[in-house]
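Thanks for making the time this morning. I would like to walk through one structure with you, and I will begin with a helix before moving on to the core and the strands.

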Amino acid sequence: MTPDTRFRSAERGLDPAWLDYNGHLNMAYYNVLFDNAVDELLDALGCGATYRRSENRSFFTAQAHVSYLRELKPDARVSVAIRILDVDRKRIHLFKELVHAEGWLSATSENLMLHVDMDGPKVTPMADDLYARIEAMAASQADLPRDPRIGRAISIRKG
């Protein structure tokens, strides 16, 4: 069995202001939870907020695809597992899973992120050391089972 080498964010509760009139987490705030987890990942890789200040470079999300699988109620505690699917000098392809503390999957998000020089802003290659760290994490996750939602297009299936 392949060990689970995905990055895991800190567990957290939901902000009551994020709940909608149906009594569950509003769809927009799933993205906030995913984005906060990516901030934790980038900090762990040495390319988060400190990197932005010191190097004037950052990562921007270019594309996102969220799948909402199971609603989150007000008392939910969640964390995010992140897998790096692919990386090149300018891009990172991520797959994230929002997991309830009880172990069930609430939502997934597949994202393409761009490495950006903030002087432009313009897409720019990562330095060798940063690229090597991200590539090493991706390699450690390469043998994990592939979720069927990865690469899935949005469509209405006709019978």
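What span should the 14 residues of helix α3 have at 1.5 Å a residue, and how far apart are its end C-alpha atoms? Before I answer, please keep in mind that this is a predicted model, and that every value I quote is computed from it. Helix α3 covers residues 128-141, and at that rise its expected span is 20 Å, which agrees with the end C-alpha atoms being 20 Å apart.

Staying with this helix, we can ask which of its residues are buried. They are L130, Y131, I134, M137, A138 and Q141. These residues cover an arc of only 130° around the axis, and therefore they sit on the same side of α3. On the other side of the helix, D128 and A139 are exposed.

One of those buried residues, I134, leads us to the largest nonpolar core, which has 35 residues, and in which F59, L72, L98 and I134 touch the most other members. The elements that contribute two or more residues to this core are α1 (27-44), β3 (57-68), β4 (77-87), β5 (91-100), β6 (105-117) and α3. The largest share comes from α1, which supplies 7 residues.

Let me take L98 from that core and look at its surroundings. If we do not count residues up to four places away in sequence, L98 touches Y30, L33, F34, L72, V78, S79, V80, W104, L105, S106 and A107.

In that list I would single out S106, which lies in strand β6. Is S106 buried or exposed? Its relative accessibility is 0%, and because buried means under 20%, S106 counts as buried. Its side chain has a polar atom that lies 2.7 Å from the backbone oxygen of R70. Leaving aside neighbours within four places in sequence, S106 is in contact with Y30, S67, Y68, L69, R70, L72 and L98, so that R70 appears here as a contact as well.

A second residue to set beside it is E97, whose place is in strand β5. With a relative accessibility of 13%, E97 counts as buried. Setting aside neighbours within four places in sequence once again, its contacts are R6, F34, S79, V80, A81, L105, A107, T108 and D147.

That brings me to strand β6 as a whole, which is mostly covered, with 10 of its 13 residues buried. Which strands pair with β6, and in what sense? With β3 the pairing is antiparallel and runs over 11 bridges, and there R57 stands opposite D117 of β6. With β5 the pairing is also antiparallel, over 9 bridges, and the bridge partner of R91 in β6 is L114. The hairpin of β5 and β6 has 4 residues between the strands, and in it G103 takes a positive phi near 105°. Finally, β6 pairs in the antiparallel sense with strand β7, residues 122-123, over 2 bridges. In this pairing V116 has V123 of β7 as its bridge partner, and the hairpin that joins β6 to β7 does so through 4 residues.

To gather this up, β6 gives two or more residues to the largest nonpolar core, and it pairs with β3, with β5 and with β7. I will stop there and take questions.

Terms used
Residues are numbered from 1 along each chain as its sequence is written. This is a predicted model: local features need pLDDT of at least 70, side-chain atom pairs count only at pLDDT 80 or more; totals for chains, interfaces and linings use all residues. Side-chain values use heavy atoms; hydrogens and water are left out. The expected span of a helix is 1.5 Å times one less than its number of residues. Buried means under 20% relative accessible area, exposed over 50%, partly exposed in between (1.4 Å probe, protein chains only). The arc is that of the directions from the helix axis to the C-beta atoms. A nonpolar core is a set of buried Ala, Val, Leu, Ile, Met, Phe, Trp, Tyr and Cys residues joined through side-chain atoms within 4.5 Å. Contact means heavy atoms within 4.5 Å. A polar contact is a pair of N or O atoms within 3.5 Å; within protein, one must be able to donate a hydrogen and the other to accept it, and residues adjacent in sequence count only if both atoms are side-chain atoms. Two strands pair if DSSP finds at least two bridges between them.
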